[in-house]
Amino acid sequence: NLGALTPTWVPDFHQLSPTRWHAGTVTNKTTVKTLLILGASGDLTGRLLLPGLARLVAGGMADGLKLAGAGSDPWTAEQWTDRVRSAFDDAGKDADAAGREAIADMEANTEYHQVDVTADGQLAGLLAGLEAPVAVYFALPPHVSQKACEVLTADQLPPGTRLVLEKPFGSSPESAEDLNKTLARLVPEEHIYRVDHFLGKATVLNILGLRFANRFLEPVWNRDHIEKVEIIFDEDLALEGRARYYDTAGALRDMIQSHLLHIMALLAIDAPATIGERDLRDAISTILRASTVEAPYAKSTRRARYAAGTIGDRKVPDYAEEAGVDPSRNTETLAEVEVGIENWRWKGVPFILRSGKALGLMRKEAIITFRPVPHLPSGFEGVDASNQLRIGFGPDTLQLDVDVNGPGDIFTLDRVTLDAELSASDLLPYGEVLEGIIKGDPLLSVRGDTAVECWRIVEPVLKAWTEGSVPLEEYDAGGAGPADWPTAVGG
Ligand code: NDP
């Protein structure tokens, strides 16, 4: 019964006319004329979006772009301009004369609009008065963004409108699909940007360049030669006053459900024909569709919460005593899941994804551990015979551990590390995000089907955790995590 396999909603990702596609990417790219930021007074706008935009403007990458801000507050134009000016300040100081002029020009010409985006017709009325194409950036609480899209209709959107959404994209496969449906009513998928600022363009290209421009890697990049892949994002920051968001999210939703699954996909995909958004996002989607976390979840997942401790010279309270935390929620601050990829290349290789807060050591890396050599000629000594390739993120680095005959006894093998620095971007993460939006390139944006898949992968884990089938462990802030976790290092 093939009908039973049909998903409730089939995304319209490939319904575009062939003339609009070339080399795996969108060829009808048009540059955005107006960037409208909804949520002008919000934290994301002030701390990340405007500084990211400033770098683009100073670098001459946003010439001719108009900036408008909107919010439900009755701000004056001066209040908004002051906000823009203070966020642009740093970029202005570093810029050359042309960059300073471009920054001053945008500051002088930006406008503010008071609008309740959830009220019928208000956002549509605002859009009608802006120069098209407009990128509408929903820097709003997710439920407000959803409501704002629900009250819009396609005919209210000027031609070429882009809709830019912030994570989380739903909270389950069903709600992610609902959001997709709401958006699909308004604009084509290639005009929807689901922002994941975590993976900058340079990092994505660094992974793809390493994997697909080196002949020697591909023959060993599979289950025959790779024992396991670990992807670890540990931070030495604790809650830092973010209880309102974090206490209802936790490490699994905040990091693994979105960012770490994407890194896993980039490490696991087959070589795409092009680094165009269509080919790359198809490849990512294919891998995620093949990915699952196997039950029993007490074996394939672990979760823990930090207790009081010291990170460097900072004293950190018990998570349960942090302001705004409801301890009965049992929110995890450290999560680990083992994901399996059901295909010929990866069957049986564990992809271990781990992320935690308040750890002693900041680690952002993927570690690929190769299988030991089948036979080490007797006579050699001093080696554990597993090569490791480590890709560090932010700054991006590469390290390959190999065993060689070192100085001294020629029969004793020593481990040496070959290392390299990888490419870095001059733009802030949100500068890269905005550059793609302004130029019309959704390469780094999360496609709708992928957002659904990411929730589908973690949903059974979230359910098992809510039901209490996986114990909530404890670790000291500033440590390495619970002592017997194999991924624990340092502290
Ligand atoms: P804030 O609560 O700081 O800001 C929300 C903004 O929404 C305010 O400016 C508020 O404006 C505006 N707003 C709320 N309701 C309405 C409405 N009905 N009409 C018009 N404007 C409205 O949120 P953040 O900036 O922190 O987060 C925004 C989004 O970005 C969220 O989805 C979040 O998950 C995501 N995000 C945030 C990050 C961060 O570091 N802050 C990082 C990554 C993602 P007013 O006061 O005028 O109503």
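**Questions on a predicted model**

Over residues 37-206 the chain is 48% helix and 15% strand, and the end C-alpha atoms are 30 Å apart. The model is predicted.

Q: What does UniProt list for residues 37-206?
A: An unreviewed UniProt entry gives this stretch as "domain: Glucose-6-phosphate dehydrogenase NAD-binding". Such annotations may be inferred rather than shown by experiment.

Q: What makes strand 5 and strand 8 edge strands?
A: The open sheet has six strands in the order 5-4-3-6-7-8. Strand 5 (111-114) and strand 8 (192-195) each pair on one side only. Pairing needs at least two bridges between strands. The pairing in this sheet is parallel, and the twist from one strand to the next averages 20 degrees.

Q: How do you know that strand 3 and strand 6 pair?
A: Count the bridges. Strand 3 (residues 34-38) and strand 6 (residues 134-138) are joined by five. The definition asks for at least two, so the two strands count as paired. They run parallel, and Ile37 stands opposite Tyr137 of strand 6.

Q: Why is the peptide bond between Ala132 and Pro133 worth a remark?
A: The bond is cis, with omega about -5 degrees. Most peptide bonds are trans. Pro133 sits in the loop between helix 4 (122-128) and strand 6.

Q: Where is the Pro395 that follows a cis peptide bond, and what is omega there?
A: Gly394 and Pro395 are joined by that bond, with omega about 0 degrees. Pro395 belongs to the loop between strand 17 (388-392) and strand 18 (397-405).

Q: What makes the phi of Asn330 notable?
A: Its value is near 55 degrees, which is positive, and the residue is not glycine. Most residues other than glycine have a negative phi. Asn330 lies in the loop between strand 13 (314-316) and strand 14 (334-341).

Q: What makes a residue part of the shell around the ligand, and which come nearest?
A: The C-beta atom, placed from the backbone, must lie within 6 Å of the molecule. The shell has 21 residues, and Gly39, Gly42, Leu44, Gly71 and Asp73 come nearest. Helix 1 (43-58) and helix 5 (142-150) are the elements that give two or more residues to this shell. By class, the shell holds ten nonpolar, six polar and five charged residues.

Q: Why is the crossing of helix 8 and helix 12 called right-handed or left-handed?
A: Helix 8 passes helix 12 in a right-handed crossing. A crossing gets that name because the near helix is turned clockwise from the far one. Helix 8 (residues 243-268) and helix 12 (residues 448-466) pack at about 145 degrees, with axes 10 Å apart.

Q: Which residues make this contact, and how do they divide by class?
A: Helix 8 supplies Leu252, Ile256, Gln257, Ser258 and Leu261. Helix 12 supplies Cys454, Trp455, Ile457, Val458, Val461 and Leu462. Nine of the contact residues are nonpolar, two are polar and none is charged.

Terms used
Residues numbered from 1 in each chain as written. Predicted model: local features only at pLDDT ≥ 70, side-chain atom pairs only at ≥ 80, totals over all residues. Helix = DSSP H or I, 4+ residues; strand = E, 2+ residues; numbered from the N terminus. Nonpolar A, V, L, I, M, F, W, Y, C, P; charged D, E, K, R; others polar. Axes fitted to C-alpha atoms, helices over the stretch in contact; angles between N-to-C directions. Contact = placed C-beta atoms within 7 Å.
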